[in-house]
Amino acid sequence: MATVRHRPEALELLEAQSKFTKKELQILYRGFKNPGQLSYEECPSGVVNEETFKEIYSQFFPQGDSTTYAHFLFNAFDTDHNGAVSFEDFIKGLSILLRGTVQEKLNWAFNLYDINKDGYITKEEMLDIMKAIYDMMGKCTYPVLKEDAPRQHVETFFQKMDKNKDGVVTIDEFIESCQKDENIMRSMQLFENVI
């Protein structure tokens, strides 16, 4: 199925839908279709399931437990929620993360934090993501951090973001707060010239 979908004309269509050139898409597809080159499990169908996604992430973060963060990230890439990330899903997400506008990147980030996809970020959702990030980075990376560091981080962020103090953060509150935060804005430009 995937080999049919990724004929040259399919790549041209994907080029029009993303911010990658045809050559970049070919390179990305080779890596996506055969991550065995990087000692990951192969996915010859051009579709990655959640277990493969977790395995790939564990290679990048061997010092911590990336399982939960990989789960949240997988759900953010799996836009049609069919339990698989196709090459198209992957490219559309990557295109936003690497070359999207600030608005597109913030929308994508909001979707990641909105775990149950109800249009709001709760403190619990933000805490779940934050704990997953801390777990992924590993205790050896942050030996001085206390156990309650993720919760403190969330409290600080939530106070800034929840403008009307109703206990949830809307997409407008999220975007407005992020745009006012210099560190967040700087970090969004870090990967713009990757690939």
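**Salt bridges, helix α7 and local confidence**

In this predicted model, Glu155 has a relative accessibility of 31% and therefore counts as partly exposed. Its partner in a salt bridge is Lys123, with the closest N and O atoms 3.2 Å apart. Lys123 belongs to helix α8 (residues 123-137) and Glu155 to helix α9 (residues 149-161), so the pair ties together parts that are 32 residues apart in sequence. Lys123 is likewise partly exposed, because its relative accessible area is 32% and the class runs from 20% to 50%. Elsewhere, Glu50, Glu51 and Lys54 are joined into one network by salt bridges that share partners.

The count of salt bridges comes to 8. One of them brings together the side chains of Lys22 and Glu12, at an N to O distance of 2.9 Å. Since Lys22 sits in helix α3 (residues 22-33) and Glu12 in helix α2 (residues 8-17), this pair links parts that are 10 residues apart in sequence. Both ends of the bridge can be placed by their accessibility: Lys22, at 26%, counts as partly exposed, and so does Glu12, at 42%.

A further salt bridge joins the side chains of Glu24 and Arg99, again with an N to O distance of 2.9 Å. Here helix α3, which holds Glu24, is tied to helix α6 (residues 87-99), which holds Arg99, so the connected parts are 75 residues apart in sequence. The two partners fall into separate accessibility classes: Glu24 is buried, because its relative accessible area of 14% lies under the 20% cut-off, whereas Arg99 is partly exposed at 24%.

Helix α7 offers a simple check on geometry. The helix covers 12 residues (residues 102-113), and at 1.5 Å a residue it should span 16 Å; the end C-alpha atoms are indeed 16 Å apart, so the expectation and the model agree. Within α7, the buried residues are Lys105, Leu106, Trp108, Ala109, Phe110, Leu112 and Tyr113. As a general point for reading such a list, an α-helix has 3.6 residues a turn, so residues three or four places apart point the same way.

Backbone torsions add two details that may interest a modeller. Most residues other than glycine have a negative phi. Lys117, which is not a glycine, has a positive phi of about 55°. This residue lies in the loop between α7 and β3 (121-122), and Lys117 is classed as partly exposed because its relative accessible area is 30%. Lys165 also has a positive phi, near 55°. Its place is the loop between α9 and β4 (168-169). With a relative accessible area of 57%, Lys165 is exposed, since the value is over 50%.

Finally, a word on confidence. The chain has an average pLDDT of 81, and 81% of the residues score at least 70. Two stretches call for a separate mention. Over residues 1-6, pLDDT stays under 50, and the model has 12 contacts beyond four places in sequence for this stretch. Over residues 36-44, pLDDT also stays under 50, and here the model has 20 such contacts.

Definitions and conventions. Residues are numbered from 1 along each chain as its sequence is written. This is a predicted model: local features need pLDDT of at least 70, side-chain atom pairs count only at pLDDT 80 or more; totals for chains, interfaces and linings use all residues. Side-chain values use heavy atoms; hydrogens and water are left out. Helices (H or I, at least four residues) and strands (E, at least two) are DSSP runs, numbered from the N terminus. The expected span of a helix is 1.5 Å times one less than its number of residues. Buried means under 20% relative accessible area, exposed over 50%, partly exposed in between (1.4 Å probe, protein chains only). A salt bridge is a side-chain nitrogen of Lys or Arg within 4 Å of a carboxyl oxygen of Asp or Glu. pLDDT is the predictor's confidence in each residue, from 0 to 100. Contact means heavy atoms within 4.5 Å.
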